[in-house]
Amino acid sequence: MKKQIRLNLIFHTSGRHDAGWKTFEDPTGLVDDIDHQIAYAKLAEEAKFDAIFLPDTPAALGKSFLRKPRRGLDPVVTLAAIAMHTKHLGLISTAQSLQGHPYLVARAMATLHHVSKGRAGWNIVTSQDDYMLDALGLSADAKLDREERYAKASEFVEIVTALWDSLPKSAIVADKENDVYIDPALTHPIDYEGKYFKSKGVLQLTGRYEGERPLMFQAGISPESRKFGSKYADVLFTSQPNLDKDRAFYAEVKGYAEGYGRNPDHLLVCPGLYAVVAESDAKARALKAEIDEMMDLNFLILQLAGQVGLPIEELDPNKPLPVELFDKIPTDDSVIQYRRDDIGGVSQANGFTVKQLVHHNLTRGQRTIFGTPEQIADIIEDWSDTNVGDGFNVNAHVQPLGVERFKDVITELQNRGRYRKEYAHASFRENYGLPASPKV
Ligand SMILES: Cc1cc2nc3c(=O)[nH]c(=O)nc-3n(C[C@H](O)[C@H](O)[C@H](O)COP(=O)(O)O)c2cc1C
């Protein structure tokens, strides 16, 4: 059998494109209309995506997100509603692993797993955004350096997984004669005392559905994040600036997995991609350009000026980015220096004008691919064969068109024997081709 490709849909409420919401006649429900989310999830299931992935950050409005809708609904509650209207789709919810208590996440994810009959996934994130800290009443001093961040996240994950296993189904003996519903001798109470978290006792529901745990996903970039993810996760989400870095990431994390005594094939790697599908490459580019024009160009240029640390007056929309000014206007800010190298490099490599550059930059690091279903399928097959990823997180440019069109890419991959034709199993884990959870 040819190597099978996994595909998740990143569940943006109106599409990945920042102006996607302007294509809706009435965009006011995009943050809180559950019917909209359900309709969209059904479309993803019709297209036979393996899963939908809900990125999430508490207090997302603190960032510059007043200019476009963010999904406001809580991800676990949203996915529970979606679970009632879908049958096979994996349901990946983001939940923080630094703030809050692991017990609450263990319970919420286990609940989603039961409600969806074995389809829950937890995207473990370690962000410590200022807006989130403010909203949660935590001071900036609560920020941890990377090493501590992942040490704390490790405790979080260890508690969650131990809790999931603390009440095996077999402990629910339901012995009517002797009035014993749960036999405590068959439970595995935890007694965890870490540096950051403590937890004692048994989760009040089984953390597994038909013997399988929720799938664990992890999203991060740093070296510490790679080691952490390779140890605990089933799947790593990543976003690298170029294909060579993707391949290096792939090789590195598979090596770490082996070092942790795991079969590297059981750790899947899923980079993001941004696909615009049409009848031809030119039509796909025109489709994106049409939506690009709906953006406020002055705002985008102002943003770019801030990103690369140049005065806005120096940025003419119809001329190239003046990279020669980087030396004349030096910066000691390492983030701006990184962006100068990155954005300046992209601008020069493509011969972009500032206007073209800001429109390109809209995808923020997501690799953009344009073309017919066949052309997109060629690229995905090649990336799968050359170890860019085992699967991909698909960003569709606008909804629902982006998903409707991507369905043809999936059909093409199915015809080439690279994607399963049907959801073969009931559980997300099996559909993803991963081995059974460790026995308790
Ligand atoms: C592909 C990808 C997706 C992410 N999704 C989220 C998310 O939905 N919510 C969130 O708070 N952080 C998200 N993050 C942020 C990471 O969890 C992490 O905080 C960030 O990458 C910084 O950590 P690092 O420097 O160790 O990589 C994501 C990161 C990546 C690479």
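This talk describes a predicted model of a protein chain with a ligand, beginning with the overall fold and then turning to one central topic, strand β11.

Good morning, colleagues. Let me start with the chain as a whole. The protein chain contains 15 helices and 13 strands. Along the principal axes, its C-alpha atoms occupy a box of roughly 85 × 55 × 45 Å. A compact globule of 440 residues would have a radius of gyration near 22 Å, and the value for this chain is 23 Å, so the two agree. Of the 440 residues, 41% are buried. As for contacts between residues at least 6 apart in sequence, 76% of them join residues at least 24 apart.

I now come to strand β11, residues 268-277. How many of its residues are buried? The count is 10 of the 10, and the strand is therefore largely enclosed by the rest of the structure. Here one general point is useful. In a regular strand, side chains alternate between the two faces of the sheet. In β11, both faces are covered. On one side, Leu-268, Cys-270, Gly-272, Tyr-274 and Val-276 are buried. On the other, the buried residues are Val-269, Pro-271, Leu-273, Ala-275 and Val-277.

Which strands pair with β11? Strand β10, residues 235-238, pairs with β11 in the parallel sense over four bridges, and within this pairing Val-235 stands opposite Leu-268. Strand β13, residues 391-396, is also parallel to β11, again over four bridges. Strand β12, residues 367-371, forms a parallel pairing with β11 over five bridges. Ala-275 takes part in two of these pairings: Ile-369 stands opposite Ala-275 in β12, and Ala-396 is the bridge partner of Ala-275 in β13.

The connection from β10 to β11 deserves a word. Together with helix α7, residues 243-259, these two strands make a right-handed β-α-β unit. In the loop between β10 and α7 we find Ser-239. Ser-239 has 18 C-beta neighbours inside 10 Å and therefore counts as partly exposed. Between the C-alpha atoms of Ser-239 and Cys-270 the separation is 8.7 Å, although the two residues are 31 apart along the chain.

β10 also brings us to the ligand. The shell around the ligand receives at least two residues from β10 and at least two from α6, residues 223-232. In total, 18 residues surround the ligand, and the closest are Pro-55, Val-125, Ala-219, Gly-220 and Ser-222. What is the make-up of this shell by class? There are five nonpolar, 10 polar and three charged residues.

I close with some local backbone features. The peptide bond from Gln-399 to Pro-400 is cis, with omega near -5°. Pro-400 is placed in the loop between β13 and α14, the latter spanning 401-415. Asp-179 is a residue other than glycine with a positive phi, near 55°. Asp-179 belongs to the loop between β5 (172-175) and β6 (180-182). Is Asp-179 buried or exposed? Asp-179 counts as exposed, because 6 C-beta neighbours lie inside 10 Å. Asn-387 likewise is not a glycine, and its phi is positive, near 55°. Asn-387 sits in the loop between α13 (373-385) and β13. With 16 C-beta neighbours inside 10 Å, Asn-387 is classed as partly exposed. Thank you for your attention.

Methods
Residues are numbered from 1 along each chain as its sequence is written. This is a predicted model: local features need pLDDT of at least 70, side-chain atom pairs count only at pLDDT 80 or more; totals for chains, interfaces and linings use all residues. A residue is buried if 20 or more other C-beta atoms lie within 10 Å of its own, exposed if 12 or fewer, and partly exposed in between; C-beta atoms are placed from the backbone. Two strands pair if DSSP finds at least two bridges between them. A crossover is right-handed if, with the strands pointing away from the viewer, the path from the first strand over the helix to the second runs clockwise. A residue is near a molecule or strand if its C-beta atom, placed from the backbone, lies within 6 Å of it. Ala, Val, Leu, Ile, Met, Phe, Trp, Tyr, Cys and Pro count as nonpolar, Asp, Glu, Lys and Arg as charged, and the others, Gly among them, as polar. The radius of gyration is taken over C-alpha atoms; the globule rule is 2.2 Å times the number of residues to the power 0.38. Two residues are in contact if their C-beta atoms, placed from the backbone, lie within 7 Å.
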